[in-house]
Amino acid sequence: MFTKKEVKHLLVSIIVLGLVFGFEDGRKVFVLSSWLLNLFYVTMVVAFSVLFRELIVKWKASRHDANSEYELWMVKQVWFGGHGKLKVGMPLGIFIAVLLSVTSRGKAFFTGIGTHKIKEDLVARAGRKRVYIKDSEIAQIGLFSILSNMFLVILGVLLINYGYNMSKF
C-alpha cells in the first residue's frame, strides 16, 4: 500500500507532529515521566489520524484511477531564477512546525509538513474522455483529506460529549 519512501516520510511526519502537539502537556510543574507518557499518547493519536487520512486519500485517488504519494514538504530552491538551487531539499514544513511550537511554548501549531503527489494511471484511464487527471479531480481527492480529519474531530467530540473518559489518555 505505501512505498518505502512514503513509510519513511510518514514516520518522520508522525514523530514531528507528535512532538508539536505533545510539547505542552498542560502541567504547571514539569515531570519527565508524565511528559513522556503524554507524548506517547499524543503520538499514537497523531499516528492514527495521519494514517487514516492517508488511507482515505489513497482510496479516493484510486476511485479516480490515480495514485497518491505522500511526501514531506521540501524546498529545493532558496532564491529566484536559476540561483540558489539545493541538491537536497530542505524540509521547510518541519522547520516551521518545530520553530512555532517551541517559540509559542506549545500553544500554536503548524501542521502543513507534507504534500500529496497525485499521478494518473494512464492505462486505467484509457477509456475515459480525458486520459489525464483534471484539476477538479485532484481537488476532490484533496477535499477527502480535509473531510477525513473533520470526521475524526467530530468523532472525538461525540466520544467526549457522550461519556467516554478521555482523561485516561
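How many helices and strands are there in the protein? There are four of each, helices and strands alike, where helices (H or I, at least four residues) and strands (E, at least two) are DSSP runs, numbered from the N terminus.

**Figure 1. The protein as a whole.** This is a predicted model, where local features need pLDDT of at least 70 and side-chain atom pairs count only at pLDDT 80 or more, while totals for chains, interfaces and linings use all residues. Residues are numbered from 1 along each chain as its sequence is written, and side-chain values use heavy atoms, with hydrogens and water left out. Starting at the N terminus, you'll meet the elements in the order α-α-β-β-β-α-β-α. The C-alpha trace spans about 60 × 50 × 25 Å along its principal axes. Of the 169 residues, 28% count as buried (under 20% relative accessible area; exposed is over 50%, and partly exposed is in between, with a 1.4 Å probe and protein chains only).

**Figure 2. The second largest pocket and its lining.** Here's an open spot with about 150 Å³ of space. A pocket is an open set of points on a 1 Å grid over the protein atoms alone, with protein on both sides within 12 Å along at least five of seven lines, and lining residues have an atom within 4 Å of a point. The volume is the space filled by probe spheres set on the points, which are joined across faces, edges and corners. Look for α1 (4–22), β1 (66–72) and β4 (114–120), since each supplies at least two residues of the lining. Among the lining residues are Lys5, His9, Trp73 and Lys117. Sorted by class, the lining has three nonpolar, two polar and four charged residues. Nonpolar covers Ala, Val, Leu, Ile, Met, Phe, Trp, Tyr, Cys and Pro; charged covers Asp, Glu, Lys and Arg; the others, Gly among them, are polar.

**Figure 3. Aspartate 65, in a loop.** You'll find aspartate 65 in the loop between α2 (32–63) and β1. Its phi is near 55°, a positive value in a residue other than glycine. Most residues other than glycine have a negative phi. Aspartate 65 counts as partly exposed, because its relative accessibility is 23%.

**Figure 4. Arginine 105, in another loop.** Arginine 105 sits in the loop between α3 (92–103) and β4. Phi is positive here too, at about 60°, although arginine 105 is not a glycine. Is this residue buried or exposed? Arginine 105 is exposed, because its relative accessible area is 63%.

How values were computed
1 Å grid on protein atoms, 1.4 Å probe; cavity = no way out; pocket = protein on both sides within 12 Å on 5 of 7 lines; lining within 4 Å.
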